[in-house]
Structures are given as C-alpha cells and as structure tokens.
Amino acid sequence: MSGKPRVEIEYCTQCRWLLRAAWLAQELLTTFEEELGGVALIPGTGGVFEVRCGERTLWSRKQEGRFPEAKELKQRVRDEIAPDRSLGHSDR
C-alpha cells in the first residue's frame with residue numbers, strides 16, 4: 001500500500017450507475033494523481049451512490065438528494081486530502 005489516501009465509490013448495480021462511478025473515478029485520479037493511492041469502485045444495491053475517503057463519507061446521494069457534479073466532488077476530496085491545494089478553474 002502506498003500510504004496515500006484511497007477513495008471508494010459505492011454505486012448501485014441495479015440502477016446501472018457503474019459508468020457514472022467510473023467517470024467520477026477517472027476525474028479524481030486525473031486531478032489527484034500525486035495525492036491519491038487509488039479509487040475503488042464498490043458494487044452495491046438499493047440506490048446507493050456514496051463516495052468515501054477512509055471513514056469519512058464525502059458524498060451520499062441519499063443525503064444530498066442528487067449526484068455530485070465533478071467540480072464539487074473534487075472540492076470535497078481536495079478539502080479532505082490536500083486542503084492547501086488549488087484546483088484552478090474548479091475552485092471558481
């Protein structure tokens with residue numbers, strides 16, 4: 001293990017949300033290629049779509065009532081793993 005934080009995206013297989021989860025994983029890995037140790041896609045059921053880093057839930061579709069935009073998810077991941085880092089245009 002690299003010692004770097006790992007993000008998990010749990011998605012509902014019944015709802016066919018794999019592509020959305022994979023796209024967000026790609027966005028996070030591209031943006032945080034130096035800071036992240038990986039992004040895991042975790043199949044779930046029951047309409048779940050959650051993004052976690054360690055023990056912290058960074059996004060829950062159930063709580064938020066919607067899916068995250070890439071920009072806001074990147075901001076939440078940044079705030080968790082590299083709070084001093086600028087995201088450039090994603091910070092606007």
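The following exercises, each with a worked solution, concern a predicted model.

**Exercise 1. Packing of two helices**

Determine how helix α1 and helix α3 are oriented with respect to each other, and state which residues make the contact.

*Solution.*

Step 1. Locate the elements. Helix α1 covers residues 18–31, and helix α3 covers residues 70–81.

Step 2. Consider the geometry. The two helices pack at an angle of about 50°, and their axes are 10 Å apart. Angles under 35 degrees count as roughly parallel and those from 65 to 115 as roughly perpendicular. The angle therefore makes α1 oblique to α3.

Step 3. Assign the handedness. The crossing of α1 and α3 is right-handed.

Step 4. List the residues in contact. Helix α1 contributes Trp-23, Leu-24, Glu-27, Leu-28 and Thr-31, while α3 contributes Ala-70, Leu-73, Lys-74 and Val-77.

Step 5. Sort these residues by class. The contact of α1 with α3 has six nonpolar residues, one polar residue and two charged residues.

**Exercise 2. Aromatic pairs**

How many aromatic pairs does a search of the whole structure find? Describe the pairs in which Phe-49 takes part, and decide whether its ring is buried or exposed.

*Solution.*

Step 1. Begin with the total. Three aromatic pairs are found in the whole structure.

Step 2. Examine Trp-17 with Phe-49. These residues form an aromatic pair with 6.4 Å from centre to centre and 75° between the planes, and the pair is edge-to-face. Trp-17 belongs to the loop between β1 (6–12) and α1, whereas Phe-49 belongs to strand β3 (residues 49–53). The two residues are 32 residues apart, and the pair links distant parts of the chain.

Step 3. Assess accessibility. Buried means under 20% relative accessible area. Trp-17 has a relative accessible area of 14%, so Trp-17 is buried. Phe-49 has a relative accessible area of 1%, so Phe-49 is buried.

Step 4. Examine Phe-49 with Phe-67. The ring centres are 5.1 Å apart and the planes stand at 80°, so this pair is edge-to-face. Phe-67 lies in the loop between α2 (61–64) and α3, 18 residues apart from Phe-49 in strand β3, and this pair also links distant parts of the chain. Phe-67 is buried, as is Phe-49.

Step 5. Combine the pairs. Trp-17, Phe-49 and Phe-67 form one aromatic cluster.

**Exercise 3. Residues in loops**

Classify Arg-16, Glu-33 and Gly-46 as buried or exposed, and give the place of each in the chain.

*Solution.*

Step 1. Recall the cut-off. A residue counts as exposed when its relative accessible area is over 50%.

Step 2. Treat Arg-16. Arg-16 is in the loop between β1 and α1. Its relative accessible area is 72%, so Arg-16 is exposed. The phi of Arg-16 is near 65°, a positive value in a residue other than glycine.

Step 3. Treat Glu-33. Glu-33 is placed in the loop between α1 and β2. Its relative accessible area is 57%, and Glu-33 is therefore exposed. The C-alpha atoms of Glu-33 and Arg-76 are separated by 16 Å, with these positions 43 residues apart along the chain.

Step 4. Treat Gly-46. Gly-46 occupies a position in the loop between β2 (38–44) and β3. With 68% relative accessibility, Gly-46 counts as exposed. Leaving aside neighbours within four places in sequence, Gly-46 is in contact with Cys-12 and Gln-14. Gly-46 and Phe-32 are 14 residues apart along the chain, and their C-alpha atoms are separated by 30 Å.

**Exercise 4. Contacts of Leu-18 and Val-39**

Which residues are in contact with Leu-18, and which does Val-39 touch, when neighbours up to four places away in sequence are left aside?

*Solution.*

Step 1. Place the residues. Leu-18 is in helix α1, and Val-39 is in strand β2.

Step 2. Describe Leu-18. Leu-18 has 41% relative accessibility and so counts as partly exposed. With those neighbours left aside, Leu-18 is in contact with Tyr-11 and Leu-41. Leu-18 and Pro-68 are 50 residues apart along the chain, with their C-alpha atoms separated by 14 Å.

Step 3. Describe Val-39. With residues up to four places away in sequence not counted, Val-39 touches Val-7, Ile-9, Ala-25, Leu-28 and Leu-29. Val-39 and Gln-26 are 13 residues apart in sequence, and their C-alpha atoms are 8.5 Å apart in space.

Step 4. Connect with the helix packing. Leu-28 is among the residues that Val-39 touches, and Leu-28 is also one of the α1 residues in the contact with α3.

How values were computed: Residues are numbered from 1 along each chain as its sequence is written. This is a predicted model: local features need pLDDT of at least 70, side-chain atom pairs count only at pLDDT 80 or more; totals for chains, interfaces and linings use all residues. Side-chain values use heavy atoms; hydrogens and water are left out. Axes are lines fitted to C-alpha atoms, for helices over the stretch in contact, and angles run from 0 to 180 degrees between N-to-C directions. Helices (H or I, at least four residues) and strands (E, at least two) are DSSP runs, numbered from the N terminus. Angles under 35 degrees count as roughly parallel, over 145 as roughly antiparallel, 65 to 115 as roughly perpendicular and the rest as oblique. A crossing is left-handed if the near helix is turned anticlockwise from the far one by less than a right angle, and right-handed if clockwise. Contact means heavy atoms within 4.5 Å. Ala, Val, Leu, Ile, Met, Phe, Trp, Tyr, Cys and Pro count as nonpolar, Asp, Glu, Lys and Arg as charged, and the others, Gly among them, as polar. Rings of Phe, Tyr and Trp (its six-membered ring) pair if their centres lie within 6.5 Å; planes under 30 degrees apart count as stacked, over 60 as edge-to-face and the rest as tilted. Buried means under 20% relative accessible area, exposed over 50%, partly exposed in between (1.4 Å probe, protein chains only).
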